[in-house]
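Visitor: I have a structure open and would like to learn how to read it feature by feature. Could you walk me through it?

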Amino acid sequence: MTTTHSKLYADDVSLVVVVVDTNPFFWAGAALPFADFFSHLIHFVNSLLLLNHLNHVVVIAAGVSSCAYVFDSSNAGASGAADVAATLDKASRKVEEFIKQDARETAGNGTVAAGGAASLFSGALSIALCYIQRIFRSGTRHPQPRILCLQGSPDGPEQYVAVMNSIFSAQRSMIPIDSCIVGTQDSAFLQQASYITGGVYMKPQELSGLFQYLAAVFASDLHSRAFLRLPKTLGVDFRASCFCHKKTIDMGYVCSVCLSIFCKYHKKCSTCGSEFIRVMPDLNSMPDQRQ
Amino acid sequence: MPQVMVVARNFMDMVAALPAAKLDMLYDSAFICEAVLRSFPPLAKKYVLQMLYVSAPVPAAAIEEWVLDEYASKHKVAIDRLVQLRVFVEVRDRRKEVSYRMNNKFQANMQKYLVSGGSLPREPVPSSITSRLPTVTELENYALEQWECFLLQLINSSQVEKGTSFSSSMMRTFQRGLLSSRDNEAPKLSENGFQFLLMETNAQLWYIMREYISSAEERGVDPTELISFLLELSFHTLGDAYSLNTLTDVQRIAIRDLAELGLVKLQQGRKDSWFIPTKLATNLSSSLSDSSASKEGIVVVETNFRLYAYSASRLHCEILRLFSRVEYQLPNLIVGAITKESLYGAFDNGITAEQIIAFLQQNAHPRVIDKIPIVPENVTDQIRLWENDRNRVEMVLSHAYEDFPSKDMFEQCCDYARDNGFLLWEDAKKMRLIVRGEFHEEMRVFLRRQR
C-alpha cells in the first residue's frame with residue numbers, strides 16, 4: 001500500500017541540489033578550465049532532467065565570500081523543455097555575474113589571504129538545506145532530495161562548525177550529500193559529510209571525462225543506488241578544527257560540558273563558559289584524543 | 001498506483017512489438033526517444049546514460065559488473081527492456097560473446113538533447129493571430145468535461161444528452177473489452193469495465209489510446225504514425241496554440257478524434273485554425289514513467305462507513321454507485337454509505353476490495369490526505385473482511401494419488417511435494433495425498449525414479 005510514502009513520488013524522482021565551487025583562486029590554476037567544467041555540468045543537469053520529467057535540479061554557486069542560486073529547473077518547468085534551454089543560457093550568464101560580484105565583495109572584504117582561499121561551502125550547504133526544507137513543506141508530494149557538492153578549492157577550517165552543523169541537519173532530514181572533488185586534494189569536510197549522510201564521495205582520476213563520472217555515479221537516483229556497485233570510500237579523515245584558532249588538529253582539548261574543541265589549554269570554555277579548575281597536564285604527556 | 005504503470009507499460013509493449021524498421025524510423029524523432037527513455041525502469045535509464053558517449057559495443061559481462069550480484073534479476077529486466085525497444089542492439093563477436101551497442105539514432109538524439117536541452121516539436125502560433133486563448137483553468141474544465149462525457153457515453157450510451165461525434169463503430173471498438181452484451185439484452189459493464197472506471201484518468205486514457213491505435217489498421221491508418229504523433233503531442237506546451245497547417249493528413253484526422261476526448265481544444269480563427277493541448281495531452285508521456293495524480297481528491301470516508309464526495313459530476317456519482325449506496329446528492333456533494341449489500345454488488349461485478357480501497361485512497365480529499373491512514377482502518381478492514389466472506393472456498397486444480405506400494409514411498413512423496421510447496425492434503429492412514437495440478441509432471445518423474 002502507498003500509505004507510508006504517500007507524500008513521495010515514485011522511487012526514482014529526485015530533487016538534486018548541486019553546489020558548484022566558483023572560487024577564482026582555484027580555477028585560475030586548475031587542470032580543467034572552468035568553461036569546460038561548466039559545460040560538463042550543463043550536460044549533467046540536462047541528463048537529470050531528461051531521465052524524468054519530474055526531476056528537479058537546482059544549482060547553487062559557492063564563491064569566496066558569497067553564494068547564490070544560479071539555476072532552478074522549476075522556474076522553467078511550467079512551460080516546457082524549450083524554456084529549460086533558455087534558463088540554462090541565463091544560468092551561465094548568471095554565473096559570470098556572480099563571479100564578478102563575488103570578486104568585488106572579496107576585494108572589499110580584504111580579509112582573504114591571496115592563494116589558498118576556501119569557498120564558502122558552509123553557506124552554500126545551508127542554502128541547499130533551506131531550499132529542500134521549503135520543498136518538503138510545500139505541496140502534497142515531493143521528490144527525493146539529495147545534494148551534490150562539486151568542490152575544487154581546499155577546505156576552510158574556519159567553517160568547520162558551520163559545515164558540521166549542516167551535515168548533521170542533513171543527516172537528520174535524511175538527505176544524502178554526494179561529493180565530487182575536482183581539485184587536487186581530498187576534502188576532509190566532504191568525506192565526513194558523505195560518510196555521515198550516506199552519500200557517495202569520489203575524486204575522479206581523469207577530469208577531462210568528468211561527465212562520465214557524473215553520469216555513472218551521481219546521476220543514479222537513491223532507489224537504484226541500492227542495486228549498484230558504487231565507488232567506496234577508502235578512508236575518511238575525521239580530523240576536527242579547533243574552535244579557538246580554526247586549525248585542523250589531531251589532538252586537542254575537549255570541553256567536558258559542551259564538547260567544544262581547543263588546541264591549547266584554556267581556563268574557561270569560550271563557548272559555554274564552564275571553568276576548568278584543575279590544571280591539566282601537558283598535552284604531549286597525556287593527550288585527550290579526539291577523533 | 002500500479003494500474004497506470006501496467007496500462008502504460010502495455011502501451012510501450014505495443015511500441016516494442018512494431019517491426020524493427022518501423023521502430024528505427026520512430027527514433028528519428030527526438031521526442032519519441034525522450035518518451036521511450038522516460039518509460040524505462042530506473043536501472044535501464046542509468047545504463048542509457050552511461051552508454052551515451054560510448055560508440056563501441058560493450059560486453060554484456062562488463063555491464064553486469066555495474067550491478068551488485070544479488071540484484072541480477074533487476075539487471076536482466078532492464079537489459080531485456082532495452083533490447084526489446086531496440087535501444088540496445090545485441091552484437092555477437094567471433095567467440096559468440098554478447099556485447100551491446102546503443103542504437104545510433106537514439107544515441108545521437110539523446111546527445112543532442114544533453115547539449116542543447118529540450119526543444120518544442122513545433123512553433124506556437126504567435127498571439128497576434130490567435131484572438132483569445134482559453135486560460136489554464138478553462139482549458140482544464142473543458143478537458144475534464146469532454147473526458148467525462150466520453151466516459152459516460154462509453155458506459156451508458158442512453159444517458160447522455162450531448163453525445164460525442166465518435167462514430168458508433170469507433171465507440172464499439174472502445175467498448176469491446178469493457179461491455180459484455182448477451183443477445184437481446186442491453187449491454188452490461190463487464191468485469192474489466194468496472195475496473196476501468198476505478199482506474200486513474202491517465203490509465204484510462206492510455207487504455208483508450210491503445211484501443212484507438214490498435215484499431216487504426218482497420219481504418220487504413222499506419223499505427224506507427226499515430227504513436228509518434230501521440231508521443232509528440234505530449235511535448236507541446238500546455239495552453240499554447242499550434243496551427244493545424246503544420247500537421248499531416250493523418251494527424252489532422254487524428255486530432256479531431258483527440259479533441260473529442262478532451263486531449264486538445266480546437267479553435268477557429270479568421271483564416272486558419274489551431275489546436276491547444278490540454279493537461280490530458282501533456283500528461284500523456286509523463287505518466288509513462290510516473291503516475292503523478294496531481295488531481296485533487298474529492299472523497300472523505302468516515303469511521304461510520306459514510307462517504308462524502310465533493311463533486312457535482314454525474315460520472316463520479318456513477319462510479320461511487322458501483323460500490324456504495326448513494327443516499328443524497330446536493331449541488332456540490334454526494335453522500336453515500338458503504339454497506340454490505342452495496343459491496344457484495346461490487347464483488348459480484350468483479351471489483352476487488354483492494355481496488356475499492358485504492359480508489360478511496362487515491363481520491364481522498366486534501367483535508368484528509370495528511371491523515372494516516374487516509375481511509376479509516378475499521379472501514380478498510382471491514383471491506384476486506386466482507387470480501388473474504390465470499391471466498392471461503394478456494395478452487396485449486398489438483399491431482400490425487402493413492403494406492404502407494406509402501407509407507408516409505410508415500411512419505412517420500414509427501415516430503416517431496418511439501419518441500420516444493422505443492423502439497424495440499426495428506427492422509428497418512430489411508431496413504432492418499434493431493435498435490436497441486438501444476439506439479440503433476442514433476443510428481444510423475446519423481447514416482448518413476450522411485451520405482
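**Reading the fold, piece by piece**

Guide: Let's start with chain B as a whole, keeping in mind that this is a predicted model. Take the contacts in chain B between residues at least 6 apart in sequence: 66% of them join residues at least 24 apart.

Visitor: How many helices and strands are there in chain B?

Guide: You'll find 21 helices and 15 strands in chain B. Of its 451 residues, 51% count as buried. The chain exposes about 22,700 Å², and carbon and sulfur atoms supply 49% of that.

Visitor: How do I read a sheet, say the one with E13, E14 and E15 of chain B? In what order do the strands come?

Guide: The general idea is that strands of a sheet pair through backbone hydrogen bonds, either parallel or antiparallel. Here, the order in chain B is E13-E15-E14, an open sheet of three strands with antiparallel pairing. Strands E13 (398–401) and E14 (423–427) of chain B each have a single partner strand, so they stand at the edges with one side lacking a neighbour in the sheet. From one strand to the next, the twist averages 10°.

Visitor: How many bridges join E14(B) to E15 of chain B?

Guide: Four bridges join these antiparallel strands, with E15 covering residues 432–436 of chain B. For one residue pair, look at Glu426(B), whose bridge partner in E15(B) is Leu433(B).

Visitor: And which helix lies across E14 and E15 of chain B?

Guide: That's H20 (residues 407–419) of chain B, running at about 155° to E14(B). Helix H21 (residues 440–450) of chain B packs on the sheet too, touching E13 and E15 of chain B, and its direction makes about 25° with that of E13(B).

Visitor: Now a single residue: is Thr224(B) buried or exposed?

Guide: For this, check the relative accessible area, where buried means under 20%. Thr224(B) comes out at 4%, so it is buried. This residue lies in helix H12 (residues 223–233) of chain B. Leaving aside neighbours within four places in sequence, Thr224(B) is in contact with Leu18(B), Lys22(B) and Leu26(B).

Visitor: Last one: how many disulfides does a search of the whole structure find?

Guide: Zero, over all chains. The test is whether two cysteine sulfur atoms lie within 2.5 Å. The sulfur of Cys244(A) has its closest cysteine sulfur in Cys263(A), but at 3.6 Å that is too far for a bond. For Cys258(A), the closest cysteine sulfur is in Cys272(A), 3.6 Å away and again too far. Cys244(A) counts as partly exposed at 26% relative accessibility, and Cys258(A) counts as partly exposed at 29%.

Terms used
Residues are numbered from 1 along each chain as its sequence is written. Chains are lettered from A and ligands numbered from 1 in the order in which they are written. This is a predicted model: local features need pLDDT of at least 70, side-chain atom pairs count only at pLDDT 80 or more; totals for chains, interfaces and linings use all residues. Side-chain values use heavy atoms; hydrogens and water are left out. Two strands pair if DSSP finds at least two bridges between them. Helices (H or I, at least four residues) and strands (E, at least two) are DSSP runs, numbered from the N terminus. Axes are lines fitted to C-alpha atoms, for helices over the stretch in contact, and angles run from 0 to 180 degrees between N-to-C directions. Contact means heavy atoms within 4.5 Å. Buried means under 20% relative accessible area, exposed over 50%, partly exposed in between (1.4 Å probe, protein chains only). Accessible areas come from the Shrake-Rupley method with a 1.4 Å probe; for residues, only the protein chains shown count as cover.
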